[in-house]
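Reader: I have a model open and would like to learn how to read its sheet and helices. Could you walk me through it?

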Amino acid sequence: MSDTTALFVVSEEGYWAEECIEPLTTLDAAGVDVTVATPSGSPPVVDERSLDPEDVGEETVERYREVHETDDRLRDPEPVAAVEAADYDAVVFPGGHGTVWDVNQDRHARTALRETVAGDDGVALVVCHAVGILGFTRTSDGEFLVDGRDVTGFPNEWEEGIVDEYDRIEGRKLPYWVEDEVIAAGGNFDAELDDDTSVTVDGDLITARGPGSSSEAAETLLAELDVEATA
């Protein structure tokens with residue numbers, strides 16, 4: 001049993017099931033003590049598009065739904081303003097389009113990321129659309145946290161196949177694209193589109209491209225924490 005702790009900051013607007021539940025259950029299996037927080041403290045919403053059996057299989061959908069509906073941490077999360085990143089060994093930001101409207105714009109979520117990456121201890125894992133938070137998070141000196149760092153995340157090439165000509169997704173306007181914001185903030189963005197998965201480590205910051213990279217990202221996080229993964 002590990003004495004390692006992790007904080008998950010999850011979207012109330014729509015998290016991608018794989019990108020939250022795979023890391024959550026992987027860390028659980030390794031004995032990591034996980035706390036879940038959302039911007040307001042309301043239960044997170046799962047993006048129904050991430051529960052398509054044609055994409056992930058019916059068994060996986062059933063497993064994801066069971067975790068989403070029965071895990072007490074997801075059902076009764078903490079408000080992100082009520083937790084301190086310094087109390088945790090890792091902070092995890094699962095992805096999903098919902099993050100562009102809440103987590104990435106939340107000042108307490110940004111503080112948690114900044115304190116984790118800039119501090120002497122702690123590791124941050126940021127996945128998919130949540131990588132957009134790097135385009136808005138600054139250091140204590142006012143510089144962009146991502147400036148000069150190597151990162152991956154949800155690429156423009158994928159976004160083009162999702163939004164319509166007015167940048168709407170299911171009728172809702174997407175306010176920004178992850179890749180654009182991270183590059184504008186000085187990040188060295190490479191989604192490694194020729195590879196099956198994409199996980200990048202730069203100091204205390206781990207980023208993952210999106211669907212398909214979540215399990216590898218969780219294993220990478222455990223390795224950075226010196227916690228043995230459970231086979």
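Author: Happy to! Keep in mind that this is a predicted model. Let's begin with two helices: helix 1 passes helix 8 in a right-handed crossing.

Reader: At what angle do helix 1 and helix 8 pack, and how far apart are their axes?

Author: The packing angle of helix 1 (residues 17–29) and helix 8 (residues 214–224) is about 40°, and their axes are 8 Å apart.

Reader: Which residues in helix 1 and helix 8 meet?

Author: From helix 1 come Glu18, Glu19, Glu22, Pro23, Thr26 and Leu27, and these meet Ser214, Ser215, Ala218, Leu221 and Leu222 of helix 8. By character, the contact of helix 1 with helix 8 has 5 nonpolar, 3 polar and 3 charged residues.

Reader: Now the sheet, please. What is the order of its strands?

Author: First the general idea: strands of a sheet pair through backbone hydrogen bonds, in either a parallel or an antiparallel way. Here, an open sheet of 7 strands has the order 3-2-1-4-5-11-10, and its pairing is mixed. Strand 3 and strand 10 (199–202) are the edge strands, each pairing on one side only.

Reader: In which sense do strand 1 and strand 2 pair, parallel or antiparallel?

Author: Strand 1 (residues 5–9) pairs with strand 2 (residues 33–38) in the parallel sense, over 5 bridges. To get there, the chain leaves strand 1, passes through helix 1 and enters strand 2, a β-α-β crossover that is right-handed. If you want a place to look, Thr5 stands opposite Asp33 in strand 2.

Reader: And over how many bridges do strand 2 and strand 3 pair?

Author: Strand 2 and strand 3 (residues 78–79) pair over 2 bridges, in the parallel sense. Ala37 has Glu78 in strand 3 as its bridge partner.

Reader: Which strands do helix 1 and helix 5 lie across?

Author: Helix 1 lies across strand 1, strand 2 and strand 5 (123–127), and runs at about 170° to strand 1. Helix 5 (residues 107–118) lies across strand 1, strand 4 (90–93), strand 5 and strand 11 (205–208), and runs at about 130° to strand 5.

Reader: One single residue to finish. Why does Glu181 count as partly exposed?

Author: Partly exposed covers the range between 20% and 50% relative accessible area. Glu181 counts as partly exposed because its relative accessibility is 24%. This residue is found in helix 7 (residues 178–184). Beyond its sequence neighbours up to four places away, Glu181 touches Gly135, Phe136 and Tyr176. Glu181 and Gly135 are 46 residues apart in sequence, yet their C-alpha atoms are 4.9 Å apart in space.

Note on methods:
Residues are numbered from 1 along each chain as its sequence is written. This is a predicted model: local features need pLDDT of at least 70, side-chain atom pairs count only at pLDDT 80 or more; totals for chains, interfaces and linings use all residues. Side-chain values use heavy atoms; hydrogens and water are left out. Two strands pair if DSSP finds at least two bridges between them. Helices (H or I, at least four residues) and strands (E, at least two) are DSSP runs, numbered from the N terminus. A crossover is right-handed if, with the strands pointing away from the viewer, the path from the first strand over the helix to the second runs clockwise. Contact means heavy atoms within 4.5 Å. Axes are lines fitted to C-alpha atoms, for helices over the stretch in contact, and angles run from 0 to 180 degrees between N-to-C directions. A crossing is left-handed if the near helix is turned anticlockwise from the far one by less than a right angle, and right-handed if clockwise. Ala, Val, Leu, Ile, Met, Phe, Trp, Tyr, Cys and Pro count as nonpolar, Asp, Glu, Lys and Arg as charged, and the others, Gly among them, as polar. Buried means under 20% relative accessible area, exposed over 50%, partly exposed in between (1.4 Å probe, protein chains only).
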